[in-house]
Amino acid sequence: MLLQRLSLRAGLPPSPRTQRTTIFPRLAKALTQVGLARAKSNSFTHRGELRKAKRIVVKLGSAVVTRGDECGLALGRLASVVEQVAMLQNQGREMMIVTSGAVAFGKQRLRHEILLSQSVRQALHSGQNQIKDMSVPVLEARACAAAGQSGLMALYEAMFTQYSTCTAQVLVTNLDFHDDQKRRNLNSTLQELLRMNIVPIINTNDAVVPPPEPNSDLQGVISIKDNDSLAARLAVEMKADLLIALSDVEGLYDSPPGTDDAKLIDIFYPGDQLSITYGTKSRVGIGGMEAKVKAALWALQGGTSVVIANGTHPKVTGHVITDIVEGKKVGTFFSEVKPAGPTVEQQTEMARNSGRTLAALHPEQRGEIIRHLANLLVEKKEEILAANKMDMDIAVNAGQLSSALLNRLSLSPAKLNSLAIGLRQIALASRDSVGRVLRRTRVAHNLELEQITVPIGVLLVIFEARPDCLPQVSALAIASGNALLAKGGKEAANTNRILHELTQEALDIHWVKEAVQLVSTREEVEDLCRLDEMIDLIIPRGSSQLVKNIQSAAKGIPVLGHSEGICHVYIDSEAAIDKAIKIVRDSKCDYPAACNAMETLLVHRDILRTPLFDQIIDMLRTEQVKIHAGPRFASNLTFSPSEVKSLRTEYGDLECCIEVVDSMQEAIDHIHRYGSSHTDVIVTENEDTAERFLQQLDSACVFWNVSSRFADGYRFGLGAEVGISTARIHARGPVGLEGLLTTKWVLRGDGHTAADFSEQGTMEYLHENLPVTQPQPRQIAAQSEE
C-alpha cells in the first residue's frame with residue numbers, strides 16, 4: 001500500500017538529487033518527509049524521451065476551459081483536448097485529467113437562473129412600479145462550483161463517449177491528502193480506474209474547500225491551493241511519467257510575456273527561477289505562473305516530467321497535447337539535467353552576432369580564413385581520417401547504411417585534397433562578394449541610390465551522412481558573410497566534430513570563431529525549422545524524403561533545395577551514336593544515387609529497332625541497370641521489361657525508366673508533366689532542335705549533348721555548392737557563393753525630404769543610371785589595430 005511505502009521511506013536520508021536542490025529548500029524537506037523518491041527513478045531528461053510516457057496527467061487551467069467572458073466553457077477547446085486525450089488513451093497510455101471549469105459553468109447556470117427569476121418578477125409587477133435593476137449580483141464561488149460540478153462532468157462524459165472512452169469523476173480537497181486513510185483510498189481508486197481503462201476527471205471540491213492556509217507546504221507536502229498544486233501532487237502520488245499543464249501562455253518566459261525582451265524558455269532547470277521575473281496571473285484562476293513553476297518543480301523532484309504550454313491558441317490547441325507527447329518543442333520543458341553546452345537557441349544567437357562581425361571584415365580577411373581552413377584540411381588529414389574511420393567502423397558494424405551512403409560517409413586523402421582545392425577557389429571568389437555595387441542611380445541632385453550585395457543572415461544547413469559538406473558550406477558561408485548553423489547526420493558525428501573544430505580554428509584568426517556552429521544536441525529537425533525568428537534560410541542536403549520533411553516543417557523559413565531529382569535524357573532522332581551512348585552511361589552509371597543522375601530515358605520513336613537503340617540497351621545491361629518500361633515503350637515490345645509503376649520516380653540506384661516519344665515537343669511535354677525541374681538533357685546533332693529544347697524547357701539546368709552529371713557547382717566553377725535549387729525565386733540550379741547573397745538599397749543625400757519633390761517643392765527627379773564603380777577597400781591594417 002502507498003501509505004506503507006511512504007512510511008518506510010520517510011526516515012531515509014535525502015537522495016543525492018534532493019541534496020543538490022537549491023530552488024525551494026522547503027520542497028527538498030517535503031520530498032524527504034513524504035518519501036517521494038520513485039521506484040521508476042528519475043524524470044525524463046530530454047523531450048524526445050516523452051514518447052515513452054505511459055501515465056500522463058493533463059492539467060487544464062481555468063483560462064483553457066472557460067470562455068473569455070468567464071461565464072461558461074470554451075466548448076471548442078475542450079472538445080480538442082478530449083479528442084487528444086482519448087487518442088492517447090486508445091494508444092495504451094493511462095490518462096488523467098485535472099480540470100478547472102466548475103465555477104465558470106456554475107456561474108453561467110446561476111446567472112441564467114437569476115436573470116430568469118428577475119424577468120418573471122418583472123412580469124408580475126407589470127403595471128406597477130417597474131423593477132429597474134436587472135443586474136446580476138456577485139456570485140459566491142462555492143455556490144457556483146456546487147451548481148456547475150455536475151454539468152461539467154456530464155459534458156466531459158458526453159464528449160468522451162464519442163470516442164468510446166469511459167470517464168469517472170473524483171473530487172478532492174487538501175484534507176484528503178493529509179489524512180492517510182483517505183490518501184490510500186484515493187490512490188486505490190485511481191489505480192483501479194486506470195486498470196479498467198477509465199479516464200479519471202479530477203477536480204478540487206470547490207463547493208466545500210476552505211481557503212488555503214499560508215505556508216501550509218511547510219508541513220512536508222505541497223498544499224492544494226489551486227489545480228496546479230493538485231495536479232503536481234496527484235502526478236507524484238500516482239507516479240505519473242508526465243504532467244502537461246495547459247494555460248493561456250506559450251510557456252515560461254525569462255520576463256513577463258508581452259515585454260519587448262521577453263523570450264520563451266525552451267527548457268527550465270532547477271536554479272533558473274532566480275533569473276526570471278513573473279508577471280500577473282491569467283484573467284481567471286488563482287494560481288499564476290509562479291504557482292505553476294513551484295508546482296512543476298515539486299513534481300519534477302518527485303520524478304515526474306513537466307511541460308507548461310498554451311492550451312488556448314487556436315492554431316495549436318488541436319494538437320498541443322499530442323505534440324508534447326511526441327517530443328516536439330512545445331511550451332517549456334522542465335528538466336533536472338542541464339547540458340554542458342549551449343542550447344540551439346543560444347548557438348543561433350552567438351552565430352548571428354559573430355556573423356555580423358564576419359560580414360564587416362575586409363574581403364581579403366574572409367578569404368584568408370577560407371585559405372587557412374583549406375590548409376588545415378591538408379595538414380590535419382591524419383586526424384580527420386582517424387575520426388572518419390571511427391564513423392565508418394560504427395556504420396559498418398551497425399549494417400544500416402547502404403553502399404551508396406557508406407561511400408558518401410567515407411573520406412580519403414584524395415577527397416580532402418579536392419576539398420582544399422575547392423575552398424581555395426571560393427576564397428578567390430570571395431574578394432568581390434559582399435558589398436558589391438550592382439546598380440547606381442542619381443535620383444536627384446546630390447541624391448544617389450545604390451543597390452549592393454549583403455549576406456542573407458543565418459543559414460541552417462542540414463546534411464545527412466556526408467561530412468565533406470561541412471567545410472564546403474562553411475567556406476561558402478564565410479565568403480558570403482553569413483552565419484551558419486550546421487546540423488550533420490549522427491553517422492558522421494566524429495568526423496563532423498573535428499571538421500567543425502578546424503573551421504572554428506580558422507575563423508578565430510580574425511576573432512569570429514562563433515560564426516559557424518555545429519548543432520550536436522538531440523535537437524529534432526522539425527524543432528530547428530520552427531526558429532523562424534532566428535534563422536533566415538534553410539538548406540537541406542540529403543535524400544528527397546529529408547527535403548520533403550523540411551519543406552513541410554519550415555512554415556515560416558524559406559527552404560532552398562529540391563525534393564526530387566527526376567532527370568531526363570532525351571535521345572533525338574538526329575542523335576550521334578557515340579555521344580548518345582557516352583552521355584547515357586555517364587548520366588545513369590557514374591553515380592546513380594546523385595540527384596543529377598538520369599532517371600528516365602526518352603527516345604524518339606524513329607530510333608527504335610535501330611543499331612543506336614540496341615547499343616544503348618546493351619550498354620545498360622552490361623552496366624547492370626534494371627530497366628522499367630514506360631506504357632508506350634511497353635506497347636512496342638512483345639516481351640517487355642517490368643512496366644513502370646509511375647513515370648515520376650527517382651530510383652537513386654542502377655535503375656531507370658525508358659519511354660518513347662514522337663517528337664522533341666512531346667519530350668518537352670513529358671518532362672514538364674513528370675519531371676522535377678532539376679536537370680534535363682537533349683542529345684541531337686540538329687542545332688535548331690537543340691536550341692528550341694533549351695529555350696522551351698522550364699528546368700533549373702538544361703543541357704545539349706552533355707551528361708546530366710554536369711549539374712554541379714564544382715563543375716560549373718563555383719568552387720562548391722550548398723545544393724541544387726529547383727525554386728522559382730532567388731537562386732536556381734547549383735547554388736554557390738552568389739546564391740547566398742541578397743541585396744539592400746543605400747541612399748545618400750543632403751537633407752532631402754519627400755516634400756522637396758511635391759508640387760510645392762523645388763526639386764525634380766532625375767533617375768539617371770550611373771556607371772557602377774566598386775568602393776575602395778578599407779585598409780586591413782587600420783581595422784586590425786582597432
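This report describes a sheet, a cavity, a pocket, a helix and the cysteines of one structure. The model is predicted, and every value below was computed from it.

**The sheet**

Eight strands form an open sheet with mixed pairing, in the order S3-S4-S2-S1-S5-S7-S8-S6. Its edge strands, each of which pairs on one side only, are strand S3 (166–172) and strand S6 (267–268). Within the sheet, strand S5 (residues 242–247) runs parallel to S7, and the two pair over six bridges; Leu 242 stands opposite Ser 305 in S7. In general, the strands of a sheet are paired through backbone hydrogen bonds, in either a parallel or an antiparallel sense.

**The largest cavity and the second largest pocket**

Two cavities of 30 Å³ or more are found in a search of the whole structure. The lining of the largest cavity includes Leu 243, Ala 245, Val 306 and Ile 308, together with the charged side chains of Lys 59, Asp 228 and Lys 292. Helix H10 (227–237), S5, helix H11 (289–301) and S7 each give two or more residues to this lining.

The second largest pocket is lined by 48 residues, and those nearest its centre are Leu 264, Lys 329, Glu 345, Arg 530 and Leu 531. At least two lining residues come from each of strand S7 (305–310), helix H12 (320–325), helix H13 (344–360), helix H20 (525–528) and helix H21 (544–553).

| Property | Largest cavity | Second largest pocket |
|---|---|---|
| Volume | about 50 Å³ | about 1,800 Å³ |
| Element giving the most lining residues | H11, three residues | H13, four residues |
| Nonpolar lining residues | seven residues | 17 residues |
| Polar lining residues | no residues | ten residues |
| Charged lining residues | three residues | 21 residues |

**Helix H14**

Helix H14 (residues 363–379) has 17 residues, which at 1.5 Å a residue should span 24 Å, and this agrees with the 24 Å between its end C-alpha atoms. Its buried residues are Pro 363, Gln 365, Arg 366, Gly 367, Ile 369, Ile 370, Leu 373, Ala 374, Leu 376 and Leu 377. An α-helix has 3.6 residues a turn, so residues three or four places apart point the same way.

**The cysteines**

The structure holds zero disulfides. For Cys 657, the closest cysteine sulfur is that of Cys 656, and because the two sulfurs are 7.3 Å apart they are too far from each other for a bond, the cut-off being 2.5 Å. Cys 657 also counts as buried, at 1% relative accessibility, and Cys 469 is buried with a relative accessible area of 1%.

Conventions:
Residues are numbered from 1 along each chain as its sequence is written. This is a predicted model: local features need pLDDT of at least 70, side-chain atom pairs count only at pLDDT 80 or more; totals for chains, interfaces and linings use all residues. Side-chain values use heavy atoms; hydrogens and water are left out. The expected span of a helix is 1.5 Å times one less than its number of residues. Buried means under 20% relative accessible area, exposed over 50%, partly exposed in between (1.4 Å probe, protein chains only). On a 1 Å grid over the protein atoms alone, a cavity is a set of points where a 1.4 Å probe fits but cannot get out, and a pocket is an open set with protein on both sides within 12 Å along at least five of seven lines; lining residues have an atom within 4 Å of a point. Grid points are joined across faces, edges and corners, and a volume is the space filled by probe spheres set on the points. Two strands pair if DSSP finds at least two bridges between them.
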